[in-house]
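User: Could you walk me through this one in plain words? I'd like to hear the reason behind each label.

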Amino acid sequence: MITIKSPYEIECMRAAGKVCGLALDAAGEMIKPGVTTRDVDMTVRKVIAEHHMKPSFLGYGGFPAAACVSVNDEVIHGIPGSKVIKDGDLVKVDVGAIYKGYHGDTARTFICGKASEEAERLVAVTRQSFYEGIKFAREGHKLTDISHAIQTYCEANGYSVVRKFVGHGVGAELHEDPEVPNFGEPGHGPRLRAGMTIAIEPMVNAGTYGVRVLSDGWTVLTIDHKLSAHYEHTVLITDGDPVLLTSSEEDV
């Protein structure tokens with residue numbers, strides 16, 4: 001069931017989302033050669049705790065960290081640990097926070113130091129595909145209008161979008177209805193209504209869209225070991241322009 005959020009619920013989500021954005025800003029600032037993925041997670045935990053909130057991911061389904069930190073060919077759900085980040089790595093950081101029972105959920109791909117031109121292009125296209133998608137995140141459109149815009153933009157740039165994992169509704173639960181795929185024909189799915197809150201999150205691969213889950217039960221890897229990038233915001237549907245509930249000065 002898709003829930004329409006009240007003004008109170010939206011403000012709670014906006015507060016949680018702001019802290020998610022601040023946590024991502026802090027993570028991005030400390031990603032340098034020699035830093036571990038665990039260091040990134042600890043930074044995210046610190047920011048969320050400083051704002052008297054709780055991480056959405058810690059303990060969710062048994063996940064052992066506050067942030068998913070995925071490097072290079074790891075698409076999503078990377079478990080932070082002793083992995084050392086190197087110059088040129090693509091580091092995807094996915095963060096959630098809870099305020100008064102409501103979640104924010106957001107992700108960015110950071111480049112450690114200087115990456116290849118192709119890696120920089122993948123990150124830029126992934127980010128822009130999100131903004132192509134939210135042109136249709138408006139009351140009256142169908143859900144897959146967003147999906148189609150993301151897919152066509154990515155494929156026009158020579159990339160593929162992951163199909164096994166998709167975006168989702170978000171609110172009192174971290175994952176709610178509806179699913180929000182990054183691919184598909186336009187004109188399908190529920191009609192968008194003001195008050196809906198959805199996490200739109202393109203996961204874009206340099207090679208094929210095929211992925212596999214590692215034996216840890218979490219980390220998702222491209223099957224061809226080519227690079228992947230990820231970009232996500234929690235988006236509020238309104239009767240006008242969509243609102244990014246997880247934006248910060250660094251990612252607007």
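User: What makes the span of α4 agree with its 14 residues?

Analyst: The expected span of a helix is 1.5 Å times one less than its number of residues. For the 14 residues of α4 that gives 20 Å, and its end C-alpha atoms sit 21 Å apart, so the two agree. Bear in mind that this is a predicted model, where local features need pLDDT of at least 70, side-chain atom pairs count only at pLDDT 80 or more, and totals for chains, interfaces and linings use all residues. Residues are numbered from 1 along each chain as its sequence is written, and side-chain values use heavy atoms, with hydrogens and water left out.

User: And how do you know where α4 begins and ends?

Analyst: Helices are DSSP runs of H or I with at least four residues, strands are DSSP runs of E with at least two, and numbering goes from the N terminus. For α4 the run is 143-156. After α4 comes Gly158, which has a positive phi near 90°.

User: What covers the buried residues of α4?

Analyst: Buried means under 20% relative accessible area, exposed means over 50%, and partly exposed is in between (1.4 Å probe, protein chains only). The buried residues of α4 include Leu143, Ile146, Ala149, Ile150 and Cys154. Their cover, going by contact (heavy atoms within 4.5 Å), includes α3, β6 (160-161), β8 (176-180), β9 and β10 (203-205).

User: How does α3 fare on the length check?

Analyst: α3 has 17 residues, and the 24 Å from its first C-alpha to its last is close to the 24 Å expected. Among its buried residues are Leu122, Val125, Ser129 and Phe130.

User: Why is a group of residues called a nonpolar core?

Analyst: The name fits because it is a set of buried Ala, Val, Leu, Ile, Met, Phe, Trp, Tyr and Cys residues joined through side-chain atoms within 4.5 Å. The largest one here has 27 residues, and those with the most contacts inside it include Phe130, Ile146 and Val235. Two or more residues each come from α3 (117-133), α4 and β9 (197-200). The largest share, six residues, is from α3. Apart from it lies another core of 24 residues, among them Ala27, Met30, Val69 and Phe110.

User: Which residues does Val235 touch?

Analyst: Leaving out residues up to four places away in sequence, the partners of Val235 include Phe130, Ile134, Ala137, Ile198 and Leu244.

User: What makes Thr246 count as buried?

Analyst: Its relative accessible area is 0%, so Thr246 meets the cut-off and is buried. Thr246 lies in the segment after β15 (243-244).

User: Why is the link between Thr246 and His233 called a polar contact?

Analyst: A polar contact is a pair of N or O atoms within 3.5 Å; within protein, one must be able to donate a hydrogen and the other to accept it, and residues adjacent in sequence count only if both atoms are side-chain atoms. The side chains of Thr246 and His233 come to 2.9 Å, which qualifies. The Thr246 side chain also reaches the backbone nitrogen of Thr234 at 3.0 Å.

User: Is Val170 buried or exposed?

Analyst: Buried, because its relative accessible area is 0%. Val170 lies in the loop between β7 (167-169) and β8, and it touches Lys5, Met13 and His103, among others. Its C-alpha is 7.8 Å from that of Asp105, 65 residues away along the chain.

User: How do you know that β11 and β12 pair?

Analyst: Two strands pair if DSSP finds at least two bridges between them. β11 and β12 (residues 220-222) have three, in the antiparallel sense. Val213 stands opposite Val220 in β12. The strand order in this open sheet of three strands is β3-β12-β11. What makes β3 (74-76) and β11 (211-213) edge strands is that each pairs on one side only.

User: What makes His77 and Lys100 worth a look?

Analyst: Most residues other than glycine have a negative phi, and most peptide bonds are trans. His77 has a positive phi of about 65°, and Lys100 has one near 50°. At 22% relative accessible area His77 is partly exposed, whereas Lys100, at 53%, is exposed.

User: Where is the cis peptide bond?

Analyst: It runs from Asp177 to Pro178, with omega near 0°. Pro178 belongs to strand β8.
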